[in-house]
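Visitor: Please take me through one part of this model in detail. I would like the aromatic residues and the packing around them.

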Amino acid sequence: TPGFKGWRCNAGYGAGFDKVVAYVRQNIPAGDSIFIYPDMTMMYGAADRPSYKGAPFIFQLKVCPPDGFVKDRFRESFMISPPMWIIEHQPPELADRIEPGELLSWLGLSDFVAGHYATHWEWKDFKILRRRPEKEKP
């Protein structure tokens, strides 16, 4: 990604980051909302997309967002105004802290996401989900 040229990071993360950013730029309409979690939120800037309103910069199981008002407010706003797209990053070495499925369960969003989204694209540790049209929900 040009904006991060010269940065050093885990090669797998960097390659995936670049692939996802390229996919977003080429395939997701600029006006569609995107929620990126549990990490890699720098993609918003790299893809020239606004961050998902009300979402923390990073998620960590049972830590961020903190229990109580902040977590409840995020869950409620997500369900009221769900993003069109969800980008997940699931690095196996961090599964004890940022595993997407566990995070969704802890946030109280597992059933909502399972019922409203379908996998659209995958590459290694990255997955893009697209919100189903109303008529396609299970």
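Guide: Ring pairs join Phe-35, Tyr-37, Tyr-52, Phe-59, Phe-74, Phe-78 and Phe-112 into a cluster. The model is a predicted one. Its structure holds 11 aromatic pairs. One of them is formed by Phe-35 and Phe-59. A pair of aromatic rings is described by the distance of the centres and the angle of the planes. For Phe-35 and Phe-59, the centres lie 5.6 Å apart and the planes make 85 degrees. An angle over 60 degrees counts as edge-to-face, so this pair falls in that class.

The pair links distant parts of the chain. Phe-35 sits in strand β1, residues 34-37. Phe-59 lies in the loop between α2 (43-46) and α3 (69-80). The two are 24 residues apart. Both Phe-35 and Phe-59 are buried.

Now the core. The largest nonpolar core has 35 residues. Phe-35, Met-43 and Phe-78 have the most contacts inside it. Phe-35 and Phe-78 are also members of the ring cluster. The largest share of this core comes from helix α1, residues 11-27, which supplies 5 residues.

Take Met-43 next. Leaving aside residues up to four places away in sequence, Met-43 touches Phe-17, Val-20, Val-21, Ile-36, Ile-87 and Phe-126. Met-43 also lines the largest cavity. That cavity has a volume of about 40 Å³. The structure holds 1 cavity of 30 Å³ or more. Alongside Met-43, its lining consists of Val-20, Val-21, Val-24, Ile-34, Ile-36, Tyr-44, Ala-47, Arg-49 and Ile-87. Among these, Val-20, Val-21, Ile-36 and Ile-87 are residues that Met-43 touches. α1, β1 and α2 each supply at least two lining residues. α1 gives the most, with 3. By class, the lining has 9 nonpolar residues, no polar ones and 1 charged. Arg counts as charged, so the charged residue is Arg-49.

Last, the second largest pocket. Its volume is about 160 Å³. Tyr-52 and Phe-78 line this pocket, and both belong to the ring cluster. The rest of the lining is Ser-33, Ile-34, Pro-50, Ser-51, Lys-53, Ser-77, Ser-81 and Pro-82. Ile-34 is in the lining of the largest cavity too. The pocket lining divides into 5 nonpolar, 4 polar and 1 charged residues. Phe-78 thus ties several topics together: the ring cluster, the contacts of the core and the pocket lining.

Technical notes. Residues are numbered from 1 along each chain as its sequence is written. This is a predicted model: local features need pLDDT of at least 70, side-chain atom pairs count only at pLDDT 80 or more; totals for chains, interfaces and linings use all residues. Side-chain values use heavy atoms; hydrogens and water are left out. On a 1 Å grid over the protein atoms alone, a cavity is a set of points where a 1.4 Å probe fits but cannot get out, and a pocket is an open set with protein on both sides within 12 Å along at least five of seven lines; lining residues have an atom within 4 Å of a point. Grid points are joined across faces, edges and corners, and a volume is the space filled by probe spheres set on the points. Rings of Phe, Tyr and Trp (its six-membered ring) pair if their centres lie within 6.5 Å; planes under 30 degrees apart count as stacked, over 60 as edge-to-face and the rest as tilted. Helices (H or I, at least four residues) and strands (E, at least two) are DSSP runs, numbered from the N terminus. Buried means under 20% relative accessible area, exposed over 50%, partly exposed in between (1.4 Å probe, protein chains only). A nonpolar core is a set of buried Ala, Val, Leu, Ile, Met, Phe, Trp, Tyr and Cys residues joined through side-chain atoms within 4.5 Å. Contact means heavy atoms within 4.5 Å.
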